[in-house]
Amino acid sequence: MSIPAVGNLLDASCATYVQVVTTTSADPAASSSSSGVAPSKSESKSKAAGSQWGRAEAVSWANSLACIFLLAATPTSAFWTYAACAHYKCALSGPIYDEHLTWDKVFPAPTLKGALVYVGWLVFQGLLYAFLPGKIGYGQRTPAGYLLPYKVNGLFAWTITHVAFVFGSFYLGIFPASIIADLWGPLLIAANAYGYILSIFSYVKAWYFPSHPEDCKFSGSIPCDIFMGIEFNPRFGEMWDFKQFHNGRPGIIAWTLIDISFAAAQYNEYGYVTNSMILLNILHMIYVVDFFYNEDWYLRTIDIAHDHFGFYLGWGDIVWLPWMYTLQAHYLLRNPISLSTAWFAFLLGMGLLGYGILRSANHQKDVVRRTDGQCAVWGKPARVIRTKYTTGDGEVHTSLLLASGFWGLAHQFNYVGDLLLSTAECLLCGAAHPLPYFYIAWMTALLLHRISRSEKRCQAKYGKYWDEYNKIVPWKLCPYVY
Ligand code: NDP
């Protein structure tokens, strides 16, 4: 859930894991990271500094220019879509042909109410994250050898937030349910301000008080360090994790709340809610609830396990995700669409099929690692490759690569499910405008980019074991396609 564009450039020359050549059974520490069992103190702390993998430590001037461009272009595109929807019924070309275009149509003026609502939202989510109970889950071992604990209370926080929103608006009438749609411009300004402050703060923190200095990566370029981040897992104290909080809470929790608010705004505008808006809410809600229901699994995905924390993840989670991932709801507010029953059923089926694929694939990988390969996949014993790799502290660890089930079809067949679901979410907006199709275009670029990053990283990490996997499973995304 992040901006990928220069990741490739920066990852291209990444330093590697040390390859190890013998194959043995799985490392208990690796297993514990998957199952969430607490590691011992010696396991969870790196003994030596200087990890050998991760992002490149030096980048070229072209990388710096790309980072500067993205630092400016990504917020501009968020504001452009705001202008298109707020003033031109979501026509992307609207601002270009407007003879009376003024700055305030693209960059809305900040308001005190917008700022207060936004700060209240952040504080509320921060308190829920810090104080709601939850079991402790563990991420992947970091390049320097840390095995970090995370509090898994996202589903609790999502539920409380949505109950409070529905109760406070529909039942008590303290605020209108359309509040987010009504304050869209001022909230966009406030979120951008926070996204930039967060990125700068993360940069300064990495220099002066990093949480895990051995996992920091300095590129030698200030714009690249701000954009891609320096610290791997910045934290306040032992548990308040920047990545988990910003991605999950003001980011993903906002997603479904925004959808509900735009549905309410559609009702206010027309006196009804279209079945397309309802379907969008259903599909997004399945995706988001699934994310929180499986939050422990998320701790071992690429966002947490491989990306550093800077503008790319920080601003991306705070602005890009809630703004750009909900564009279909903005579109349907301005362009209400009624779907035929057959088309509704088809798109629902397509979305559920996509969801089923991504959930099952992700589950297969998680279970196989949690059980050390002692499980069945599609009715047969899991086919696994036992691997070794070394972290920067010199310690050797083991892991498993699954080579059957969905992971026997292609390296990232889970992405096919995501792409199917995303396509259904776009198709329900009809074909009159390109804007609602931003999401599938974005997801395709993001996931293809992820495949290339993951391939490089896994090749470096697993060496001959990755070659072995490639021999068994040559396809990256989908058999006979790519
Ligand atoms: P994955 O959770 O699929 O993780 C990829 C990693 O899994 C690899 O880097 C490797 O790391 C490990 N791996 C690779 N091959 C195998 C194998 N054969 N057996 C076991 N482990 C393997 O990737 P993501 O984090 O990108 O995606 C997680 C989910 O989130 C997906 O469903 C994706 O569609 C979704 N997603 C959604 C986004 C959105 O914006 N809506 C954005 C990105 C992802 P290692 O061995 O080190 O564990």
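These are my notebook entries on a predicted model of a protein chain.

**Confidence**

I started with pLDDT, since this is a prediction. The protein chain averages 88, and 88% of the residues score at least 70. Then I asked where in the chain confidence is lowest and where it is highest. The low end is strand 1 (residues 18-19), with a mean of 29, and the high end is helix 20 (residues 413-427), at 98. Over residues 2-51, pLDDT stays under 50. The model still has 139 contacts beyond four places in sequence for residues 2-51. I'm not leaning on those, because predicted coordinates should not be read in detail where pLDDT is low.

**Core**

Next I pulled up the largest nonpolar core and got 132 residues. Which residues have the most contacts inside it? They turn out to be Y325 and L428. Helix 12 (residues 242-270) gives this core its largest share, 13 residues.

I clicked on L428 and listed what it touches, skipping residues up to four places away in sequence. The list has S276, L279, L280 and L283, and then L332, I337, L339 and L347.

**Q328**

Q328 sits in helix 17 (residues 327-334). Is this glutamine buried or exposed? I count Q328 as buried, because its relative accessible area is 1% and the cut-off for buried is under 20%. I also looked up the contacts of Q328, again leaving out neighbours within four places in sequence. Those are L280, H284, E425, C426, C429, P436 and Y439. L280 caught my eye, as L428 touches L280 and Q328 is in contact with L280 too.

**D393**

I found D393 in the loop between strand 8 (384-390) and strand 9 (396-402). Despite the loop position, D393 is buried, with a relative accessible area of 14%. I then checked D393 against G145: they are 248 residues apart in sequence, yet their C-alpha atoms are 6.2 Å apart in space.

**Nonpolar surface patch**

Last, I went to the surface and found a nonpolar patch of about 810 Å². I200, F201, V204, W207, Y208, F209, F218 and F236 make this patch. Which helix provides the largest share of the nonpolar patch? Helix 10 (residues 184-208) does, with 5 residues.

I followed up on F236, one of the patch residues. F236 is in strand 4 (residues 235-236). F236 counts as partly exposed because its relative accessibility is 42%, which lies between the 20% and 50% cut-offs.

How values were computed
Residues are numbered from 1 along each chain as its sequence is written. This is a predicted model: local features need pLDDT of at least 70, side-chain atom pairs count only at pLDDT 80 or more; totals for chains, interfaces and linings use all residues. Side-chain values use heavy atoms; hydrogens and water are left out. A nonpolar core is a set of buried Ala, Val, Leu, Ile, Met, Phe, Trp, Tyr and Cys residues joined through side-chain atoms within 4.5 Å. Buried means under 20% relative accessible area, exposed over 50%, partly exposed in between (1.4 Å probe, protein chains only). Helices (H or I, at least four residues) and strands (E, at least two) are DSSP runs, numbered from the N terminus. Contact means heavy atoms within 4.5 Å. pLDDT is the predictor's confidence in each residue, from 0 to 100. Patches are made of residues with over 30% relative accessible area and no salt bridge: like charges are joined within 9 Å, nonpolar side chains (Val, Leu, Ile, Met, Phe, Trp, Tyr) within 5 Å. Accessible areas come from the Shrake-Rupley method with a 1.4 Å probe; for residues, only the protein chains shown count as cover. A salt bridge is a side-chain nitrogen of Lys or Arg within 4 Å of a carboxyl oxygen of Asp or Glu.
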